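Reader: Please take me slowly through this structure, with a close look at one part of it rather than a full tour. I would like a connected account that I can follow with the structure open beside me.

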Amino acid sequence: MLSSEDNDLLCRVVGDAPMGQLMRRHWTPVCLIEEVSDPDGAPVKARLFGEDLVVFRDTQGQVGVMDEYCPHRRASLVFGRNEEGGLRCLYHGWKMNTKGQVLEMVSEPPSSCFKDKVKHLAYPTKEWGGFVWAYMGPIETMPDFRPPVWAPNENVTVTIAKAIIPCNWAQILEGAIDSAHSSSLHSSDMVPARVDSAKATDKTWLRPSTDKAPRLQIDNTPYGFRYAALRRPITNSMANDYVRSTVFVAPSTALIPPNNLYNVANINVPVDDTTTAFYFIAWGHPATTPDTESWRSFLGQRVGVDLDENYVPLRNRENKFWQNRDAMKAGNFTGITGFPNQDIAMWVTMGPIANRAEERLGASDLAIVEFRRRMLEAVKAFQAGQPAIGTGDTCITPEVCAFQAIIPKTADWKTVDIKYVWDEHEPALEPSYNVDNR
């Protein structure tokens, strides 16, 4: 459990909140590239850390991320005209480029030099891995953009599902790194089977274990931590363990154990204290990573079917997340279609910010406890003047990845030779992390 003071310190991100300021020292996803794919297309509203933004692609194809509100009279630029190299406010015709430079003030006299004295708030941007990224911290502390470990190079296919969830980022992140819940909550979608490693089909993910009570072990790292959930495999359980190793990359990314076809990651971007942009990512070899339509269909995260045009889920607490009790009677564990929707139901019903003082944690919650300890220590160190966790010398290195494997009980999971599914240096896809036990 956490005190209310520590819970606020962990969760709150708006304004001068220390956690939000720590997060602003990282390059952060603002929106999907597909949302602003067309030069001179419609501007898009975004919101991060309680700050309202407008995102647009100009005539030359450059992306801008700016304060939503015009510097003149604070009308919304989301309704502006995107034309001829800039975004023009409808109210008085002021026009800004992607860097926040005011290009025109048609409401001012031609001889006025006023436009040279006004600079609109615009953030540095980068396009990579399907996202538009921005750096929203102090410019003097801006690090070089580094490709995330889930999009290490341009040859990797990255497929993303997006949903705007009405709860705090931390309870979503805790769900992403919690291996124990998947054996219950997702038991109808992550099905035990006599396979030699985790496998993927177009309908389910197969697992070589029926064990619902994993033993957890932590390995702390400068960028966060990784941990192993050790389960009994279905076959040869006397000699082997089934290991699922998850990686927490501070401040808000989880690398989730893969299947035989592609890798999985999750990013949780705070919209504000009680809303989160949840991104669920499949990545890997172009031949085996699902395309966007297939991925979103598999997850139940399709715009116009499962989500509205703003990526807000149509399933919600009021309509009981479209839970089907007849399906439950027929054997489906939750009656909720799409395993992220099962997670979302749990996160949302915990409240906008979970009351962690009322929890009763057990042995299977070791990763949750470690996440809270790690991030509270990190934010307090940041308040004391230390660099933000996950920056500088504490950045994650490219070789780190989540993995799943059946290994001998005598082996140490921390030293297993692993790589992500489909290494760029290999001529063909490596279909499994399974370790040779011969």
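**Two backbone details, then the domain contact**

Author: A convenient place to begin is the loop between β5 (81-83) and β6 (86-88), where E84 is found. Keep in mind throughout that this is a predicted model. Most residues other than glycine have a negative phi, and most peptide bonds are trans. E84 is not a glycine, yet its phi is positive, at about 50°. A second backbone detail concerns the peptide bond that runs from A250 to P251, which is cis, with omega near 5°. P251 also sits in a loop, the one between β18 (240-249) and β19 (253-256).

The part that deserves the close look is the contact between the domains. The domain assignment of the protein gives domain 1 as residues 27-141 and domain 2 as residues 157-408, and the centres of domain 1 and domain 2, taken over C-alpha atoms, are separated by 34 Å. To their contact, domain 1 brings 14 residues and domain 2 brings 12 residues. The size of an interface is often given as the accessible area lost when the parts come together. Here domain 1 and domain 2 bury about 1,000 Å² between them, and 62% of that area is on carbon and sulfur atoms. Within domain 1, the residues that lose the most area to domain 2 are L32, R47 and F131, which together account for 40% of what that side buries.

Charged and polar pairs also take part in this contact. Between domain 1 and domain 2 there are three salt bridges, and the side chains of E35 and K162 likewise meet in a salt bridge, with 2.8 Å from N to O. Polar contacts across the interface of domain 1 and domain 2 amount to six residue pairs. On the side of domain 1 that touches domain 2, the elements that give two or more residues are β1 (27-32) and β2 (44-48), and β1 supplies the largest share, with five residues. By residue type, that side of domain 1 divides into seven nonpolar, four polar and three charged residues.

Another salt bridge involves a residue in the loop that lies before β1: the side chains of E51 and R24 meet at 2.7 Å, N to O. Because E51 lies in strand β3 (residues 51-57) and R24 in the loop between α2 (18-23) and β1, this pair ties together parts that are 27 residues apart in sequence. In total, the count comes to 28 salt bridges.

A small sheet can be followed strand by strand. Three strands form an open sheet in the order β13-β15-β14, with mixed pairing. Since β13 (190-192) and β14 (199-200) stand at the edges and each has a single partner strand, one side of each is left without a neighbour in the sheet. The pairing of β13 with strand β15 (residues 205-207) is in the parallel sense and runs over three bridges, and P192 has R207, in β15, as its bridge partner.

Key: Residues numbered from 1 in each chain as written. Predicted model: local features only at pLDDT ≥ 70, side-chain atom pairs only at ≥ 80, totals over all residues. Heavy atoms only, no water. Domains from an automatic or database assignment. Contact = heavy atoms within 4.5 Å. Buried area = accessible area lost by both parts, 1.4 Å probe. Salt bridge = Lys/Arg side-chain N within 4 Å of Asp/Glu carboxyl O. Polar contact = N/O pair within 3.5 Å; in protein donor to acceptor, adjacent residues only side chain to side chain. Helix = DSSP H or I, 4+ residues; strand = E, 2+ residues; numbered from the N terminus. Nonpolar A, V, L, I, M, F, W, Y, C, P; charged D, E, K, R; others polar. Pairing = 2+ DSSP bridges.
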